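Trainee: I should like to understand how the terms used for a protein model are justified. May we go through them one at a time?

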Amino acid sequence: MTVFQCRGCHRAVTPTVSERSLPDPDVDEGWYRAEASPPDASGHSAEPIMRMPPGAFAVDPDASGPPYVLDKSSGFLVESGPSGTIVLNPGDGLGLEEHPDIAMRRGYCCGMDGEWGPNLACTCGAIIATLYSDCYQVQELRLQPDAVERCD
């Protein structure tokens, strides 16, 4: 069992969580889905798709978030942010506050989209996580690997 804490103030920012593998985005197995409610007329569901179940985390070895760079082979912009982000269920963040800069809290109709990078801070003020909580995307909380410490 693991707890993650802020590297700056050493306050726990997650409850006790268990490590598991990151769900494969190319297959449906392994993704956490709450009992889905039917979408309303605008396509919103009361139970969005979550990447991780409550109480679980995974370490993503791939780059995550901005800056975005041009992938010459595909012609698409790709994420080149830090590798090793800790992926959690959005409900597993403890005492995290919105980024003090309102521009970093950008989102659409239902929540923050995380496209500009970390948007949550510890109560000590350290910017430590990115919340992806808008309705058009898979929901997750990603802790920045250089901002937190793992306590087993």
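Mentor: The following exchange sets values against definitions.

Mentor: This is a predicted model, in which local features need pLDDT of at least 70 and side-chain atom pairs count only at pLDDT 80 or more, whereas totals for chains, interfaces and linings use all residues. Residues are numbered from 1 along each chain as its sequence is written, and side-chain values use heavy atoms, with hydrogens and water left out.

Trainee: Why is Arg142 called buried?

Mentor: Buried means under 20% relative accessible area, exposed means over 50%, and partly exposed lies in between, using a 1.4 Å probe and protein chains only. Arg142 has a relative accessible area of 6%, so Arg142 is buried. Asp60, at 8%, is buried as well, and so is Glu140, at 4%.

Trainee: What makes Arg142 and Asp60 a salt bridge?

Mentor: A salt bridge is a side-chain nitrogen of Lys or Arg within 4 Å of a carboxyl oxygen of Asp or Glu. In this pair the closest N and O atoms are 3.0 Å apart, and a salt bridge is therefore assigned. Arg142 belongs to strand 12 and Asp60 to strand 5 (residues 56–60), so that the pair links distant parts of the chain, 82 residues apart. Strands (E, at least two residues) and helices (H or I, at least four) are DSSP runs, numbered from the N terminus.

Trainee: Which other residue forms a salt bridge with Arg142?

Mentor: Glu140 does, with closest N and O atoms 2.7 Å apart. Salt bridges that share partners join Arg51, Asp60, Glu140 and Arg142 into one network. By this rule the model has six salt bridges.

Trainee: How do you know that Arg7 and Glu149 also qualify?

Mentor: Their N to O distance is 3.7 Å, and the salt-bridge rule is therefore met. Arg7 lies in the loop between strand 1 and strand 2 (18–19), and Glu149 lies in strand 13 (residues 148–151), so the pair ties together parts that are 142 residues apart in sequence. Arg7, at 41% relative accessibility, is partly exposed, and Glu149 is partly exposed at 21%.

Trainee: What makes strand 11 and strand 12 a pair?

Mentor: Two strands pair if DSSP finds at least two bridges between them. Strand 11 and strand 12 have four bridges, in the antiparallel sense, and therefore count as paired. Thr130 stands opposite Arg142 in strand 12. Seven strands form an open sheet of mixed pairing, in the order 2-5-8-12-11-10-9.

Trainee: Why are strand 2 and strand 9 (97–98) said to stand at the edges?

Mentor: Each has a single partner strand, so one side of each is left without a neighbour in the sheet.

Trainee: What makes a set of residues a nonpolar core?

Mentor: The set must consist of buried Ala, Val, Leu, Ile, Met, Phe, Trp, Tyr and Cys residues joined through side-chain atoms within 4.5 Å. The largest such core has 17 residues, and those with the most contacts inside it include Phe4, Ile86 and Leu143. The largest share of this core, three residues, comes from strand 11.

Trainee: How do you know that Cys122 and Cys9 are not bonded?

Mentor: A disulfide is a pair of cysteine sulfur atoms within 2.5 Å. The sulfur of Cys122 is 3.5 Å from the closest cysteine sulfur, in Cys9, and this is too far for a bond. A search of the whole structure finds zero disulfides. Cys122 is buried, with a relative accessible area of 0%.
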